[in-house]
Amino acid sequence: MIRLDKMLAHMGYGSRKEVKELIRKGFVSVDGEIVKSDDIKVDESSEIIIFDEKINYEEFVYIMLNKPADVISATYDGNLTTVLDLISGYESRNLFPIGRLDIDTLGLLILTNDGQLAHKLLSPKNHVGKKYYLKYDGKYRDDFVDIFKKGFQIDDYFTKPAIFEDLGNNEAYITICEGKFHQVKRMMEHVGCKVTYLERIQFGNIVLDNSLKRGEYRLLTKEEIESLKNN
Ligand code: URA
C-alpha cells in the first residue's frame, strides 16, 4: 500500500504539494468515491481516477536504455552525466541500473526500482548471460572458442565458461554469465587482443530493441518483464 498523494506524485501529476491540492479540490476518486484526504492508502488493485482519467499504477518500473558513450552507470555523479540523467519523468521512482557498463560501452542497460529482482539477476549464483558485440585489434585464432569455454585466470579469479562467436573481420559476439570489472576487455587482452568497440546486445533473455537510438529508452513490455523475472 502507498499513500495516495505519494502515488500521484510518482505518476507525474505534480509535486506532493500540488497533488495534495488536487485531492483537496475533489479531482481524485478512489474506488468510485471522491476523496478529499491525501493520507489514504491505495495499491495496484485500487481504481483511481483523476480528471476523469483512470490511472494504472505500477509499483515497479522497468526501463530499457540504449546507453550511449560518455555516460556512467551510476545514479549520481557531481561531474559526469549518469544514465539516470537521461531518463525523465521518473525522478521520484528511485531508479538504478541493474549492473554496470563502462563509460565507453554502449547498448542495453535495464533500470528499475525493483531491488529484489535486481539482486536476483546480479547474483553470481544465477548465471544470467550477457551478450556483447565487439570489434577488436589483434589476430583472431581458432582456439579462442575453446579458451573462452574452458575459462582462465585473470588476476584473482578464474573466468566461468564464456561463449566466443567469431564474426570475421575482427568482430565477435561474447557471452559471459558474470560481470567482473572490465571483464570482456580483460578476456580479450588475455588472448592478445584489444577491444575497440563494445556494445551489450542482450541481458538474460532481454534483447536490445534496435529501434532505440543511443540515449533513448522505453518501458519494458509486460512480456519482457515476465521473461526478465524468469531468468
Ligand atoms: N565488459 C567490459 O569490459 N566492459 C563492460 O562495460 C561490460 C563488460
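**Notebook: pockets, a helix face and a strand trio**

I started with the pockets. The largest has a volume of about 610 Å³. This is a predicted model, so I treat what follows as computed.

I then looked up what lines the largest pocket. I found 32 lining residues, and Arg100, Gly179, Lys180, Phe181 and His182 lie nearest the centre. Four elements give two or more residues to this lining: α3, β10, α5 (183–190) and β15. I sorted the lining by class. It has 16 nonpolar residues, 8 polar ones and 8 charged ones.

Next I went to the second largest pocket. It holds about 420 Å³ of space. I counted 19 residues in its lining, with Glu58, Phe60, Val61, Tyr62 and Ile225 closest to the centre. Which element gives the most to this lining? I found that α6 does, with 4 residues. The class split here is 8 nonpolar, 4 polar and 7 charged.

**Helix α3**

I turned to α3, as it helps line the largest pocket. The helix covers residues 115–122, and I noted Leu117, Ala118 and Leu121 as buried. Where do the buried residues fall, seen down the axis of α3? They sit within an arc of 100°, so they line one face of the helix. I checked the other side of α3 too. Gln116 and His119 are exposed there.

I then asked what the buried residues of α3 pack against. I listed four strands: β7 (62–67), β8 (96–97), β9 (106–112) and β15 (194–203). The helix α6 (222–229) is a partner as well. Two of these names were already in my pocket notes. β15 gives residues to the lining of the largest pocket, and α6 to that of the second largest.

**Strands around β14**

Last, I looked up the pairing of β14. This strand covers residues 171–176 and runs antiparallel to β10 (residues 130–137). How many bridges join β10 and β14? I found 6. For one position in this pairing, I noted leucine 134 opposite alanine 172 in β14.

β14 also pairs with β13 (residues 163–168). The sense is antiparallel again, over 5 bridges. Here glutamate 165 stands opposite tyrosine 173 in β14. I followed the chain between β13 and β14 and found a hairpin with 2 residues between the strands. Asparagine 169 is in the turn, and I noted its positive phi of about 60°.

One link back to the pockets: β10, the partner of β14 over 6 bridges, gives two or more residues to the lining of the largest pocket.

Notes:
Residues numbered from 1 in each chain as written. Predicted model: local features only at pLDDT ≥ 70, side-chain atom pairs only at ≥ 80, totals over all residues. Heavy atoms only, no water. Pairing = 2+ DSSP bridges. Buried < 20%, exposed > 50% of the residue type's maximum accessible area, 1.4 Å probe, protein only. Arc of directions from axis to C-beta. Contact = heavy atoms within 4.5 Å. 1 Å grid on protein atoms, 1.4 Å probe; cavity = no way out; pocket = protein on both sides within 12 Å on 5 of 7 lines; lining within 4 Å. Points joined across faces, edges and corners; volume = space filled by probe spheres on them. Nonpolar A, V, L, I, M, F, W, Y, C, P; charged D, E, K, R; others polar.
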